[in-house]
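Q: Could you take me through the salt bridges here, one pair at a time? I'd like to see where the partners sit.

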Amino acid sequence: MPSFDTVLEANFVEVKNAIENTAKEIGTRFDFKGSSAGVELKDKEITMFGDAEFQLQQVEDILRNKLSKRNVDVRFLDVGKAQKIGGDKLKQVIKVRNGIDAENAKKIQKALKESKLKLQAAIQEEKVRVTGAKRDDLQAAMALIRKDIADLPLSFDNFRD
C-alpha cells in the first residue's frame, strides 16, 4: 500500500548556522557594544540575552532574518516570555518545534477523515503516517494537509509506492 509520513522537523544544521551568524552580527554591531546581548543554542532551545525588552526584540529580529536567509521556516519557533535574570538583564527562551504534538496530529487525522478520501491516518510518536490505495489520493491528502494545517511548517517524507 502506498504511504507517506507527515513530519515536523527543522534542519538543525541550518538553525545552528543561523545562531552562529546572529551571534557574530551582535558582536560587530555598534548598538550592542558594551551590552549583555547574545544568543545561544542548547538542545532544541534558543536562549536570547539582553539588557532590555527592546534589545531582546532586536536580537529576535536578527535571528529571524538569519533563519529565513537559510530557508528555515520561522513557524518552527515557539517564543516564550522574557524573564528577568539578576540586575537589569533579561533572557528569553525560544523552543524550536520538532515533532507533531498529539493535538495537531489529531487535527490532521480529523481533516483527512472529513475529506472522504479513501485513506488511513495513523499517529506514530511524533509523525502521522498516511496510507491509501492510490497514489493520487495520497497527493490529494498532501495538498489537503498543506491547506488545512497552514500554521505548521509540515513536510512529507518516506513516500512509498
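**A close look at the salt bridges**

A: Let's start with a pair in this predicted model: lysine 66 and glutamate 25 form a salt bridge, and their closest N and O atoms are 3.0 Å apart. Lysine 66 belongs to helix α2 and glutamate 25 to helix α1, so this pair ties together parts that are 41 residues apart in sequence. Now check how open each partner is. Lysine 66 has a relative accessible area of 16%, and because buried means under 20%, lysine 66 counts as buried. Glutamate 25 comes out at 22%, so this residue is partly exposed.

Next up is glutamate 14, which pairs with arginine 70; here the closest N and O atoms are 2.7 Å apart. Glutamate 14 lies in helix α1 (residues 12-28), while arginine 70 is in the loop between α2 (53-69) and β4 (77-84), so the pair links parts 56 residues apart in sequence. Arginine 70 is partly exposed, with a relative accessible area of 29%.

Now look at arginine 75 and aspartate 73, which also form a salt bridge, with 2.7 Å between the closest N and O atoms. Both partners are partly exposed: arginine 75 has 34% relative accessibility, and aspartate 73 has 27%. Some salt bridges share partners, and that joins Glu25, Arg29, Asp31 and Lys66 into one network. So you've met two of its members already, in the pair of lysine 66 and glutamate 25.

And the full tally? The structure holds 13 salt bridges, including the pairs we've just walked through.

Terms used
Residues numbered from 1 in each chain as written. Predicted model: local features only at pLDDT ≥ 70, side-chain atom pairs only at ≥ 80, totals over all residues. Heavy atoms only, no water. Salt bridge = Lys/Arg side-chain N within 4 Å of Asp/Glu carboxyl O. Helix = DSSP H or I, 4+ residues; strand = E, 2+ residues; numbered from the N terminus. Buried < 20%, exposed > 50% of the residue type's maximum accessible area, 1.4 Å probe, protein only.
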